[in-house]
Amino acid sequence: MTRAFTPKIVTANALLEGDVIYLTADDRWSRNLSEAELIDDEAVAQLRLLDAERQGGVVGAYLADAIAGSRGPKPAHFREAFRAKGPSNYAHGKQEDRKHV
Amino acid sequence: MYDYNDFDEQFVRERVAQFRGQVERRIDGSLTEDEFRPLRLMNGLYLQLHAYMLRVAIPYGTLTGARMRQLAMIADRWDKGYGHFTTRQNIQFNWPELRDVPEILEALADVGMHAIQTSGNTIRNVTADHFAGAAADEIEDPRPVAELLRQWSTDHPEFQFLPRKFKIAITGAPRDRAVTRAHDIGLRMIVRDGEPGFEVVVGGGLGRTPMVGQVVRDFLPKADLLPYVEAVVSVYNLLGRRDNKYKARIKITVHENGIDRIRELVEARFEQIRPMFGGADQQLLAQLEQSFSAPDFLRKSTDAYYSARNADPVFRSWADTNLAEHRDPDYAIVSISLKAHGATPGDATSDQMRVMADLAERFGHNELRISHEQNVILPHVHKADIPAVHAALKSSGLGTANIGLISDIIACPGMDYCALATARSIPVAQEIATRFEELNLEHEIGPMKIKISGCINACGHHHVGHIGILGLDRAGVENYQITLGGDGTEDTVIGERAGPGFAYDEIVNAVERIVRAYLSLRSDASETFLMAYRRLGAQPFKDALYPKEDEADAA
Ligand code: HEM
Ligand code: SF4
């Protein structure tokens with residue numbers, strides 16, 4: 001029996017700030033996980049990763065597990081949850097940016 | 001204090017200029033990340049979970065007021081107004097932007113600091129006893145030797161690509177406050193026939209295979225230090241395994257070849273290279289000893305200290321935990337806790353850094369130290385000035401009286417920052433400290449070292465914590481494994497695993513169970529946790545950690 005494929009997102013860090021970024025379906029990099037493209041197909045995921053790796057301005061692109069939520073993809077693992085939010089000891093990183101909007 | 005000479009200055013400036021060019025080429029796309037990564041790491045620049053991190057070396061943990069103030073300026077101007085002091089006597093800035101890093105390095109060079117060799121398979125920042133030059137039990141200040149090692153190892157052409165990173169720690173006192181036995185080379189000063197020299201220990205290390213270092217030379221005359229250390233590193237450079245990253249540290253080389261074989265090779269190499277040193281190292285050492293000569297200690301009445309003790313119980317309690325014995329009886333060593341209950345261990349705001357810089361300049365002969373336990377030390381304070389120092393600390397959130405107690409926790413950055421982490425460590429430390437503060441048990445518990453790492457790399461020294469906590473990822477959730485009975489002193493012991501791990505929301509309760517067991521089992525208040533553990537063994541503590549079903553139901 002083959003295991004069901006867990007949907008993926010393409011994520012990386014921005015070259016200049018190091019901030020966590022996500023590849024969107026329309027080939028932008030978003031700072032927001034909810035805007036990421038959720039990819040259901042393994043072959044497509046690999047191709048999207050190759051696309052991402054060819055772009056400048058990003059570092060360390062990889063595929064991360066994610067699950068579909070009502071408002072876009074949600075992290076499947078706690079590491080991605082921290083990346084999407086920021087550290088837990090200070091309201092820095094993305095949670096800080098969110099305060100300003 | 002050592003200040004850069006023209007050669008050091010020029011070298012550091014050149015490295016900054018080089019790195020500036022490399023950053024520009026990375027940004028304009030002429031360097032790929034694969035090409036750039038080793039270059040940025042050579043300059044202490046990591047990419048973590050949320051941002052870049054710049055690791056700056058604080059050689060042998062020694063700072064002046066001006067250097068501390070510059071770190072505060074960097075924190076304000078290019079980071080988020082704080083810095084994180086680490087167990088390796090470095091400071092880490094968690095939020096620099098790539099474009100700004102050359103400016104930061106320039107600002108560091110302005111005060112004689114840099115981030116070179118804080119990463120990579122090189123000889124890293126040499127760490128030392130944070131009480132060096134001040135401790136009552138010290139034979140000699142180890143920092144001239146540490147500086148000699150720093151100069152020798154910086155940009156040493158033979159040792160830029162070792163099999164793996166290489167860490168040296170040194171202490172000038174028989175009581176080991178620098179965890180020398182958990183380093184690749186540990187140097188512990190001892191006296192033989194009236195002559196100071198070193199016990200040389202090799203092959204210690206923590207990480208995934210923790211090992212206590214072994215004595216390769218029981219007494220090394222001080223004059224032979226540099227050729228001997230070079231012999232050790234060059235034997236390792238040839239013999240160390242480059243085929244497997246997990247077997248590449250010298251601890252594995254020593255383990256696989258045996259200490260006797262290593263000793264033979266080192267002694268042979270030492271004989272070969274010793275004549276080549278030709279005394280230049282000794283001339284340099286003599287100069288360095290001049291620049292580290294003791295300050296002119298003040299002579300004045302110490303009455304103010306004793307009257308403050310009598311008048312103010314808050315001051316007395318702080319003095320009892322945070323002061324250590326100075327070699328001059330009119331002085332004391334002040335440890336400033338960066339572990340306020342509920343705060344991030346090792347973090348200081350820029351304002352706090354400036355307060356500490358001011359205090360060092362006004363009352364501390366312009367010296368500051370960073371301890372591997374992530375606190376800041378004022379090594380030389382006259383007793384008469386201690387009440388004023390305490391008052392200033394207290395009003396800046398730096399007056400916590402907890403040095404060596406349960407809330408004085410070492411914690412690595414863990415999954416809040418570190419890309420390698422398998423779980424968080426900072427919030428676990430925060431919650432343990434808060435819990436015992438609420439229980440008001442801290443002072444009753446007495447000496448207790450809790451150390452927390454967020455993955456098997458053991459940057460938080462959990463193996464040598466009296467209670468060690470290791471955060472793991474078990475099937476997608478954070479899980480914390482406890483070790484008991486570790487000790488990082490001259491009698492280094494690796495802690496013993498207690499049993500199955502605990503979930504994030506269970507770990508603080510688990511620690512409390514161990515502590516309550518200790519309080520009920522100790523023979524009296526003078527028996528510390530570690531003493532009780534050694535007397536009783538692990539079993540009663542395991543019983544407390546893992547109560548049997550029926551007892552748990554009854555509770
Ligand atoms: C970007 C963050 C960090 C990374 C990537 C990192 C990486 C590592 C790795 C891979 C090891 C294991 C080495 C081995 O076993 O061969 C290690 C060990 C260690 N690191 Fe870190 N570390 C980081 C942060 C820190 C911090 C913040 C501290 C100080 C608080 C620290 C101090 C240590 C110490 C003391 C050890 C264990 C001693 C030894 O080398 O055997 N590291 N680190
Ligand atoms: S122990 Fe692991 S999680 Fe903690 S700083 Fe080191 S590498 Fe990161």
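Which side chains meet in a salt bridge at 2.9 Å, N to O? They belong to Lys80(B) and Glu96(A). Bear in mind that this is a predicted model.

That pair has no company of its kind: the rule finds 1 salt bridge across the interface of chain A and chain B. Polar contacts add to the picture, with 10 residue pairs found across the interface, both partners at pLDDT 80 or more. As for where chain A's side comes from, the elements giving two or more residues to the surface that touches chain B are β1 (8-14), β4 (58-69) and α2 (78-85) of chain A. The largest share is from α2(A), which supplies 4 residues.

Here's how the residues on chain A's side break down by class:

| Class on the side of chain A that touches chain B | Count |
|---|---|
| Nonpolar | 10 residues |
| Polar | 8 residues |
| Charged | 5 residues |

Now for the interface as a whole. On the chain A side, 23 residues are in contact with 32 residues of chain B. Putting the two chains together buries about 2,200 Å², and carbon and sulfur atoms give 59% of that area. In chain A, the residues losing the most area to chain B are Leu15(A), Leu16(A) and Phe78(A), which together make up 26% of what that side buries.

Finally, the metal. What is the only protein donor of the iron atom of ligand 1? It's the SG of Cys459(B), sitting at 2.2 Å. Cys459(B) is found in a loop of chain B, between β17 (450-453) and β18 (467-474).

Definitions and conventions
Residues are numbered from 1 along each chain as its sequence is written. Chains are lettered from A and ligands numbered from 1 in the order in which they are written. This is a predicted model: local features need pLDDT of at least 70, side-chain atom pairs count only at pLDDT 80 or more; totals for chains, interfaces and linings use all residues. Side-chain values use heavy atoms; hydrogens and water are left out. Donors are N, O and S atoms within 2.8 Å of the metal (3.2 Å for Na, K and Ca); water is not among the atoms, so sites may look incomplete. Contact means heavy atoms within 4.5 Å. Buried area is the accessible area (1.4 Å probe) that two parts lose on being put together, summed over both. A salt bridge is a side-chain nitrogen of Lys or Arg within 4 Å of a carboxyl oxygen of Asp or Glu. A polar contact is a pair of N or O atoms within 3.5 Å; within protein, one must be able to donate a hydrogen and the other to accept it, and residues adjacent in sequence count only if both atoms are side-chain atoms. Ala, Val, Leu, Ile, Met, Phe, Trp, Tyr, Cys and Pro count as nonpolar, Asp, Glu, Lys and Arg as charged, and the others, Gly among them, as polar.
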